[in-house]
Amino acid sequence: MIEFENVSKSFWTGTQRKVILDRADFRVELGRSVGILAPNGTGKTTIVNMMAGLEKPDEGEIRRTSRVSFPLGFMGGVINRNTATENARYIATLYGLDADYVEAFCRYLCGIEEYFDRPVGTFSQGMRARFAFALMLALEFDIYLIDEGMPTTTDAEFNRKAGSILKDRLREATVVIVSHQPQVLERFATTAAVLRDGRLYHFDTLDEARRLYEYDA
């Protein structure tokens, strides 16, 4: 479970204060995948980062009682000067997993051959996206965080393999996905919320959330 209690978050843009959340209370329950609809630039990535523990709220408390993934595509913890092999084994030790397994899994899924033994800082954007996605899938979580703004890969073979593995993971896991497009949420979410003016409005169905979101737009 992820629970936000009286959480506020804002940023100073240089000319005004941009409110992301204003004393928000909500909960992500295991088994109830949720999609959050919000226009670009309103703080979707910030909310996902707070769920993962990568950003702190200004006020309030965030509690995590389940294994929560880092956001899809997040490269924090990856050291650019180290090879993908070294990074995969390092991340494995952080999570208390078998380093041989995590390395072998990422090698298979990435499919970048000899580049896997080169520094990650030399990778193309697509290779980095594959490696980040592979790392997330190598680790099993109760709740997976997906931000539509995260890097994606155009490699068809990788997408096929990764998509199949992710589908298997999600049979048992819960998803939180944020997007400005309702159709993106349809693949993952069973419930939905709309972020507007610093508040989250929750609905039992995506159709209800879509009506408010599209009316507001």
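This report walks through the helices, cores, cysteines and aromatic rings of one protein chain. Keep in mind that you are looking at a predicted model.

**An enclosed helix**

Let's start with helix α1, which covers residues 44-52. Seven of its nine residues are buried, so the rest of the structure largely encloses this helix. Which ones are they? The buried residues of α1 are K44, T46, I47, V48, N49, M50 and M51. Right after the helix comes G53, and its phi angle is positive, at about 85 degrees.

**Two nonpolar cores**

Now for the inside. In soluble globular proteins, nonpolar side chains tend to be buried together. Here, the largest nonpolar core has 47 residues. Look for C106, F131, L135 and L137 if you want to find the residues with the most contacts inside this core. Several elements give two or more residues to the core, including the helices α2 (84-94), α3 (99-110), α4 (125-138), α5 (156-170) and α7 (206-216). Strands take part as well: β5 (143-147), β6 (174-179) and β7 (191-196) also give two or more residues each. Which element gives the most? That is α4, with eight residues.

Apart from this core lies another one, made of 24 residues. Among them are I47 and M51, along with I143 and A193. You have already met I47 and M51, as both are buried residues of α1.

**Two cysteines without a bond**

C106 came up as one of the residues with the most contacts in the largest core. Why does C106 not form a disulfide? Its closest cysteine sulfur belongs to C110 and sits 5.7 Å away, which is too far for a bond. To count as a disulfide, two cysteine sulfur atoms must be within 2.5 Å. C110 is in no disulfide either, since its nearest cysteine sulfur is that of C106. Overall, the count of disulfides is zero.

Are these two cysteines buried or exposed? C106 has 0% relative accessibility, so this residue counts as buried. C110 is buried too, with a relative accessible area of 1%.

**A patch on the surface**

Not every nonpolar side chain is hidden. Y90, L94, Y95 and L97 make a nonpolar surface patch of about 380 Å². One of these, Y90, is found in helix α2. With a relative accessible area of 38%, Y90 is partly exposed.

**Rings that pair up**

The structure holds seven aromatic pairs. A pair of aromatic rings is described by the distance of the centres and the angle of the planes. Here are two of the pairs:

| Pair | Type | Centre to centre | Angle between planes |
|---|---|---|---|
| Y101 and F105 | tilted | 5.9 Å | 45 degrees |
| F133 and F158 | edge-to-face | 5.9 Å | 65 degrees |

Y101 and F105 both lie in helix α3, where they are four residues apart, or about one turn of the helix. Y101 is partly exposed at 40% relative accessibility, whereas F105 is buried, with a relative accessible area of 12%.

The pair of F133 and F158 links distant parts of the chain. F133 belongs to helix α4 and F158 to helix α5, 25 residues apart. Both F133 and F158 are buried.

Finally, which residues do ring pairs link into a cluster? They are F70, Y95, F141 and Y144. Y95 may look familiar, as this residue also helps make the nonpolar surface patch.

Technical notes
Residues are numbered from 1 along each chain as its sequence is written. This is a predicted model: local features need pLDDT of at least 70, side-chain atom pairs count only at pLDDT 80 or more; totals for chains, interfaces and linings use all residues. Side-chain values use heavy atoms; hydrogens and water are left out. Buried means under 20% relative accessible area, exposed over 50%, partly exposed in between (1.4 Å probe, protein chains only). A nonpolar core is a set of buried Ala, Val, Leu, Ile, Met, Phe, Trp, Tyr and Cys residues joined through side-chain atoms within 4.5 Å. Patches are made of residues with over 30% relative accessible area and no salt bridge: like charges are joined within 9 Å, nonpolar side chains (Val, Leu, Ile, Met, Phe, Trp, Tyr) within 5 Å. Accessible areas come from the Shrake-Rupley method with a 1.4 Å probe; for residues, only the protein chains shown count as cover. A salt bridge is a side-chain nitrogen of Lys or Arg within 4 Å of a carboxyl oxygen of Asp or Glu. Rings of Phe, Tyr and Trp (its six-membered ring) pair if their centres lie within 6.5 Å; planes under 30 degrees apart count as stacked, over 60 as edge-to-face and the rest as tilted.
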